[in-house]
Amino acid sequence: LFDKVMVVDEGKQLYFGPASEAVAYFERLGIQKPLRQTTADFLTGVTQLHERRVIPGFEDRVPKTAADFERAWFASKQQQAVMRQVAAFERQIQEDERGHEIREFVDQTKMGAQKSKLRRKSPYTSTITYQFAQLFKREASIMWGNRAALLFKLVYNLAFAGIVGGLFSSLPKTSDGAFLRSGVLFFALLFNSLTAQSEIPVACTGRLVTYKQKALSFYHPAALSLVQTIIDIPYMVVSILLFSIILYFAAGLERTGGQFFAFLLFLFVSCLCMTALFRLIGNASPSVDIAHTASGVILLFSIILNGYLIPPNDMGWWFRWIYWGLNPLAYGYKALMTNEFRNLELKCTGASLVPSGPGFDDIAHQVCTLQGARPGEAYVRGRDYIASGYQIYVKDQWKDFVAVLGFWVLFVAATAMIQEWVEFSNTGYSIRVYKRRKPHVQAVTEDAIGDDSKQAQLASPDGPSDEQIISGTTFTWKNIDYTVPVKGGHRQLLHEVSGFIRPGEICALMGSSGAGKTTLLDSL
């Protein structure tokens, strides 16, 4: 296992050289290695007069103290050979300028190569590109290992898309279906936002490992944050695509290629944005409980003030600033609404026409009650409907998309900076604290002591008192016997072992190899 070994006793060198030659060296000094003894046990016992075996005829010449072994070592050929090797290596370094080569190698390892060099004061020994590559491999392996959960989430999303698509099946292009279309778009946005909330416990529990690996200079936590964001994109693309195909066509939304792919894009970016938001909340919160509370409050205001439940004109001025400045769901919803209603014409039917009934069939004498309707027209243009009812304008469609994209970039950057510079607990090291248990002991009394000298020692003034034993403040063991079955009978490994340890004391359990130290500890 080891190429070389050094034997030291009392601060004096007894041997240094190949491990395979150590036994032969000490045998030349007159110390014999037993056949079944390991080399490690033999080397640690060469100075123990009661353990070592002296070769017959070497009784007067074998070293007895550490000083005797040191003198024998300095007078040996092995020590002279070691010194010659050291001198030759030093000459080689001077002749070959290996010192410069070693320093150059360290700089290359530390600084990287060409334009990707690290700062000399940086604690990291790998470039940021290398960290990205390794983190990509690790996160991809983690995701693949968790594929069962991802598959369950995918089936769960598809099931909900089918259920809601069935409830809103083939929405009519009439005034009766105007609000229902808005509801389908709201559900699509809200459902994927709620599923993104699962990022919170992942962010809170995973950062403890990140803190420890940061302390060891494995990688930049910001790099891990960016990799986690990118690694989620492929799965999210598949999930949004399958979800949208089922819901979009089952509900009968506008079936044009441009509007369908725009729906996919807007829903995908909105889902990315909400995932980044919840990941930010998880990393910015001291605990998972605080993170869930904060996310619940933020999600509540985002849902209520996104423009569907309460139109912007009906919001109080004290809430309207949230709609315009802090709510990415509002901009995502506006983009989806403009995409769906931009070319839609809603036919006014039934109770939407006033007056209605027998004899009222001339649109010139009727008006549609749907918001955005014009007198004398039986159709309401979708862009007029959302402009009048929701204050959403088609010309702002791509502005709303860019706003959602900007929120996503902001959340990703904030998460990376928090992971890089903010820590909520000192995790550089951990201390394991064991719960103190009172040992099950039997009080030592005069009746129990009898005439046995070992038991009498426990009751002596130097031993623990009865009160200490009963209260459990002293660890005591008495007359421990341990026997194991072997072929042909039994073998006793421990025989009437007794002792005690007081609080605050350190007890050294000593003995030669095979004496029963480990067996006693296992028994205790």
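1. Threonine 174 is placed in the loop that runs between helix H7 (147-167) and helix H8 (178-195), in what should be read throughout as a predicted model. With a relative accessibility of 15%, threonine 174 counts as buried, since the cut-off for that word is under 20% relative accessible area. When its neighbours within four places in sequence are left aside, threonine 174 is in contact with Leu346, Lys347 and Thr349.

2. Glutamine 37 also belongs to a loop, namely the one between strand E3 (31-32) and helix H2 (39-44). Its relative accessible area of 25% makes glutamine 37 partly exposed. A reader following the chain may wish to look at glutamine 37 together with serine 513, for the two are 476 residues apart in sequence, yet their C-alpha atoms are 9.0 Å apart in space.

3. Helix H11 (residues 257-284) and helix H14 have axes that come within 9 Å and cross at roughly 175°, and the two helices are therefore roughly antiparallel to each other. On the H11 side, the residues of this contact include Phe263, Phe266, Leu267, Cys273 and Met274, while H14 contributes, among them, Pro328, Leu329, Ala335, Leu336 and Glu340. Taken by character, the residues where H11 meets H14 divide into 10 nonpolar, five polar and one charged.

4. The structure holds 34 aromatic pairs. In one of them, the rings of tyrosine 308 and tyrosine 333 have centres 5.9 Å apart and planes at 70°, so the pair is edge-to-face, the cut-off for that arrangement being over 60 degrees. Tyrosine 308 lies in the loop between helix H12 (288-304) and helix H13 (317-325), whereas tyrosine 333 lies in helix H14 (residues 328-341), so the pair ties together parts that are 25 residues apart in sequence.

5. Are these two tyrosines, 308 and 333, buried or exposed? Tyrosine 308, at 12% relative accessibility, counts as buried, and tyrosine 333, at 0% relative accessibility, counts as buried as well.

6. Two further aromatic features deserve a look. Tyr15, Tyr25, Phe26, Phe42, Phe69 and Trp73 form one aromatic cluster. Elsewhere in the sequence, the charged end of arginine 61 sits over the ring of phenylalanine 58, at 4.3 Å from the centre of that ring.

Terms used:
Residues are numbered from 1 along each chain as its sequence is written. This is a predicted model: local features need pLDDT of at least 70, side-chain atom pairs count only at pLDDT 80 or more; totals for chains, interfaces and linings use all residues. Side-chain values use heavy atoms; hydrogens and water are left out. Rings of Phe, Tyr and Trp (its six-membered ring) pair if their centres lie within 6.5 Å; planes under 30 degrees apart count as stacked, over 60 as edge-to-face and the rest as tilted. Helices (H or I, at least four residues) and strands (E, at least two) are DSSP runs, numbered from the N terminus. Buried means under 20% relative accessible area, exposed over 50%, partly exposed in between (1.4 Å probe, protein chains only). A charge sits over a ring if NZ of Lys or CZ of Arg is within 6 Å of the ring centre and within 35 degrees of the ring normal. Axes are lines fitted to C-alpha atoms, for helices over the stretch in contact, and angles run from 0 to 180 degrees between N-to-C directions. Angles under 35 degrees count as roughly parallel, over 145 as roughly antiparallel, 65 to 115 as roughly perpendicular and the rest as oblique. Contact means heavy atoms within 4.5 Å. Ala, Val, Leu, Ile, Met, Phe, Trp, Tyr, Cys and Pro count as nonpolar, Asp, Glu, Lys and Arg as charged, and the others, Gly among them, as polar.
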